[in-house]
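Here's a walk through one protein model, from single residues up to the whole chain. Keep the structure open as you read.

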Amino acid sequence: MHRRPPRRRPLPRRPRHPLDRAEDHRPRPRPRPLDRPLQDLRGLLLTDPLRPADTFLAAGAPWFLTLFGRDSLWAARMLLPLGTDLAAGTLRTLARRQGRAVDPASEERPGKILHEVRRAEQHLDAGSHLPPSYYGTADATPLWLVLLHDAWRWGLPAGQVEELLPNAEAALDWLERYADADGDGFLEYVDSTGRGLSNQGWKDSSDDIRFRDGRIAEAPFALSEVQAYAHEAAVRTADLLEAFGRPGAAHWRRWARDLRQRFRDRFWTEDADGRYPVVALDRDKRPVDSIASNLGHLLGTGLLDETESALVAGRLTAPGMDSGFGLRTLDAATAGFNPLGYHTGSVWPHDTAVAVHGLARAGLHDAAAPLAAGLVRAAAAFDHRLPELFAGHPRDRYARPVPYPASCRPQAWAAASAVLVLQALLGLEADAPNRRLRVRDRLPAGYESLRIDGLTVAGLPIEVETDHTGAVRMRAPEGFGVTTVR
């Protein structure tokens, strides 16, 4: 279905893909931390056979060397500070395969973004088998919308954005017509065949959504992070519709506002340590009350207010969640916690990076810093080639993170997390349509005397330096204003 890009000449002698900026985009005088992940990402680049000029990232090697909606979208989003070409290729590749029919066997629906593409049907454990083009995902469609918006903000040319707006409107229609299977106002999913994925969020193993007492919850679920993605997608796409003179912006802002209130009413619970959002609502709409890393995906999406974000930050940085090498997928106090469980206690680098970025977007930099530092430690222990996941053993008992035996390495969103963490530490946000950039005025201890180049906005270079105190100075493109924040 997909093929690798042709072998290319040495980097300085050819037109450059955004990932080819590995030689530039690195903290100096220590170039190693970003060189390896960007080299790995170049190795995961694939082309769309329907339009070979469009590239995207395979999810990982060796098990997932193909197009995955969720993984490819997240990786492209993480890499936007290096340029928008990869995001554009990913968006277009998925748009060409956007759902057009109602097909229960593949879970295809009009407007839906697919989960994965394979050459042949897959036969999984427990009798599951997936068709070659499988749409069983609850989150790829809102993530596609968010990537389109963010790519626009980082400088994707207006003409390329406008070409994709009909696909965006189809994706919005899926949110409203098909994503809420039972009409309760939340996005959930139903495997109508009994042979597809039982869990259709990023944690897609059969035992990952469980109550605090260890009981495995029964699908279908309304996942907390999927509500957050949908809220952000509605608000951000409303901005796009308004900017490009298309109707519907006011409707989608109301839709997002109503979802936000429903989430506040139904997803929040309380224990001895205070209030927190649950992981999901189960098939009977009971709150699944475990504390898990899904919380980190709610931050920075607009779903939470300032007080709620602070409560979530407190949960994420508690010892049960922060292993010292990154964020555990499940709190260590939960019955059924297993530091080597695929989604029940392990650490996924992309998951930690998403939380770090969300904390930074919420202005909670003090909470983001220790999680970022833990991931940097883990990267160094893995020679800066972060795997798909590793064990969630505590750092105070283990000097190095323990590998997960069957982990993909490299994995696209694990490698790309290095750039997202850097962006979060810098507090770097772009608004190319209005010629604005935002950056922090100072980085935390440990990031002094850095020079970072190879970053771009609207195809124009950005350089960032920190002095011996960590104070930040940015060289922005001509005509761009810079706002500094604490």
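Thr 141 sits in helix α4, which covers residues 140–153; helices here are DSSP runs of H or I with at least four residues, strands are E runs of at least two, and both are numbered from the N terminus. This is a predicted model, where local features need pLDDT of at least 70 and side-chain atom pairs count only at pLDDT 80 or more, while totals for chains, interfaces and linings use all residues. Residues are numbered from 1 along each chain as its sequence is written, and side-chain values use heavy atoms, with hydrogens and water left out.

Is Thr 141 buried or exposed? Thr 141 is buried, because its relative accessible area is 1% (buried means under 20%, exposed over 50%, partly exposed in between, with a 1.4 Å probe and protein chains only). If you skip its neighbours within four places in sequence, Thr 141 is in contact (heavy atoms within 4.5 Å) with Gly 111, Lys 112, Ile 113, Ala 171 and Trp 174.

Ala 416 belongs to helix α11, residues 412–426. Ala 416 is buried too, with a relative accessible area of 0%. Neighbours within four places aside, Ala 416 is in contact with Leu 41, Ala 75, Met 78 and Leu 79. By contrast, 23 Å separates the C-alpha atoms of Ala 416 and Ser 449, which are 33 residues apart along the chain.

Two of those partners, Ala 75 and Met 78, are among the buried residues of α2. Why call that helix largely enclosed by the rest of the structure? Because ten of the ten residues of α2 (residues 69–78) are buried. The cover over the buried residues of α2 includes β2 (51–57), α3 (85–96), α4, α6 (224–243), α9 (349–361) and α11.

Now the core. A nonpolar core is a set of buried Ala, Val, Leu, Ile, Met, Phe, Trp, Tyr and Cys residues joined through side-chain atoms within 4.5 Å. The largest one has 145 residues, and Leu 57, Leu 79, Trp 144, Leu 148 and Leu 175 touch the most other members. Helix α11 gives this core its largest share, twelve residues. In soluble globular proteins, nonpolar side chains tend to be buried together.

On to the strands, which pair if DSSP finds at least two bridges between them. Three of them, in the order β12-β13-β17, make an open sheet with mixed pairing. Its edge strands, β12 (429–431) and β17 (481–485), each pair on one side only. Elsewhere, a hairpin links β1 to β2 through two residues. Here are two antiparallel pairs:

| Strand pair | Bridges | Facing residues |
|---|---|---|
| β12 and β13 (436–440) | three | Ala 430 and Leu 437 |
| β1 (45–48) and β2 | four | Thr 47 and Thr 55 |

Finally, the whole protein. The count is eleven helices and 17 strands. The radius of gyration is 21 Å, which agrees with the value near 23 Å for a compact globule of 486 residues; the radius is taken over C-alpha atoms, and the globule rule is 2.2 Å times the number of residues to the power 0.38. The C-alpha atoms fill a box of roughly 55 × 50 × 45 Å along the principal axes. Buried residues make up 59% of the 486. Of the contacts between residues at least 6 apart in sequence, 65% join residues at least 24 apart.
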